[in-house]
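Please look over the structure below. The report that follows covers strands, cores and a pocket.

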Amino acid sequence: MASSNDIKNGSVLKLEGQLWNTLGFQHVKPGKGGAFIRTKLKNITSGKVVDKTFNAGAKVEFATVDRSDYQYLYQDGDDFVFMDMRDYDQIMVPASVVGDAANFLLESATATIAMHEGTPLYLELPPSVELQITYTEPGVQGDRSKAGTKPATLETGAEIQVPLFVEQGTTVKVDTRGGEYLGRV
């Protein structure tokens, strides 16, 4: 058990038998009354986000989560196979844990996997990745007042919106958090 004053972004708490990832926290010291910590927590298994308030100095239980770098090897059915970069052990990560990150995973890409007691909890990709566009329609600038966008299919099979001037075969930089086009490479 630790104090609620030790809560930081990225720390994993064990509350009511479930694991919660801390997305944000704020120490509040009102003029009247005791201090408290306002947090935004995300349930690791369900993805539900809640706001929770702790009294300053309250006892909370932190979960031990090991984060390490893994290299993506291949997809085997509904599972994704990753290799530990330190000891070359391979692990199977279910598609439910990988989630939307599968849209930006290429073979030999590096990802950080958080593990709790041997179970993969979630996967973190770099903030942006460089992917090639395999298909997009030619862009025609019509009579619009501002620049338009068009759909483009990436080499992973994901579809994003790109500006009209981007052509098939172009390598683009994509934000892995929201899937937005960031620019050409």
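How many bridges join strand β7 to β10, and do they run parallel or antiparallel? Six bridges join the two strands, and they run antiparallel. The model is a predicted one.

## Strand β10 and its neighbours

Strand β7 covers residues 66-76. Strand β10 covers residues 110-116. One pair ties them by name: Gln71 has Thr110 in β10 as its bridge partner.

On β10 there is also a pairing with β11, again antiparallel, through five bridges. Here Ile113 stands opposite Leu123 of β11. The two strands form a hairpin with two residues between them. Glu117 sits in that turn and has a positive phi of about 55°. Strand β10 is mostly covered, with five of its seven residues buried.

## Nonpolar cores

The largest nonpolar core holds 28 residues. Those with the most contacts inside it are Phe82, Val98, Ile113, Leu123 and Leu154. Ile113 and Leu123, the opposite residues of the β10 and β11 pairing, are thus both on that list.

Another core lies apart from the largest one. This other core has eight residues, among them Val12, Leu19, Ala63 and Tyr122.

## The largest pocket

The largest pocket has a volume of about 750 Å³. Its lining takes in 26 residues. Lys42, Val97, Val98, Tyr122 and Leu123 lie nearest the centre of the pocket. Val98 and Leu123 also appear among the residues with the most contacts in the largest core. Tyr122 belongs to the other core, of eight residues.

Which elements give two or more residues to the lining? They are β3 (18-28), β4 (36-43), α1 (95-98) and β11 (119-124). Strand β11 gives the largest share, six residues. By character, the lining divides into 11 nonpolar, 11 polar and four charged residues.

## The five-stranded sheet

An open sheet has five strands in the order β14-β13-β12-β15-β16. The pairing is antiparallel. Why is one side of β14 and of β16 left without a neighbour in the sheet? β14 (159-163) and β16 (181-184) stand at the edges, each with a single partner strand, so one side of each has no neighbour there. From one strand to the next, the twist averages 50°.

The pairing of β15 with β16 can be followed residue by residue. Strand β15 covers residues 171-175, and three bridges join it to β16 in antiparallel fashion. Val172 stands opposite Arg184 in β16.

Conventions: Residues are numbered from 1 along each chain as its sequence is written. This is a predicted model: local features need pLDDT of at least 70, side-chain atom pairs count only at pLDDT 80 or more; totals for chains, interfaces and linings use all residues. Side-chain values use heavy atoms; hydrogens and water are left out. A nonpolar core is a set of buried Ala, Val, Leu, Ile, Met, Phe, Trp, Tyr and Cys residues joined through side-chain atoms within 4.5 Å. Buried means under 20% relative accessible area, exposed over 50%, partly exposed in between (1.4 Å probe, protein chains only). On a 1 Å grid over the protein atoms alone, a cavity is a set of points where a 1.4 Å probe fits but cannot get out, and a pocket is an open set with protein on both sides within 12 Å along at least five of seven lines; lining residues have an atom within 4 Å of a point. Grid points are joined across faces, edges and corners, and a volume is the space filled by probe spheres set on the points. Helices (H or I, at least four residues) and strands (E, at least two) are DSSP runs, numbered from the N terminus. Ala, Val, Leu, Ile, Met, Phe, Trp, Tyr, Cys and Pro count as nonpolar, Asp, Glu, Lys and Arg as charged, and the others, Gly among them, as polar. Two strands pair if DSSP finds at least two bridges between them. Axes are lines fitted to C-alpha atoms, for helices over the stretch in contact, and angles run from 0 to 180 degrees between N-to-C directions.
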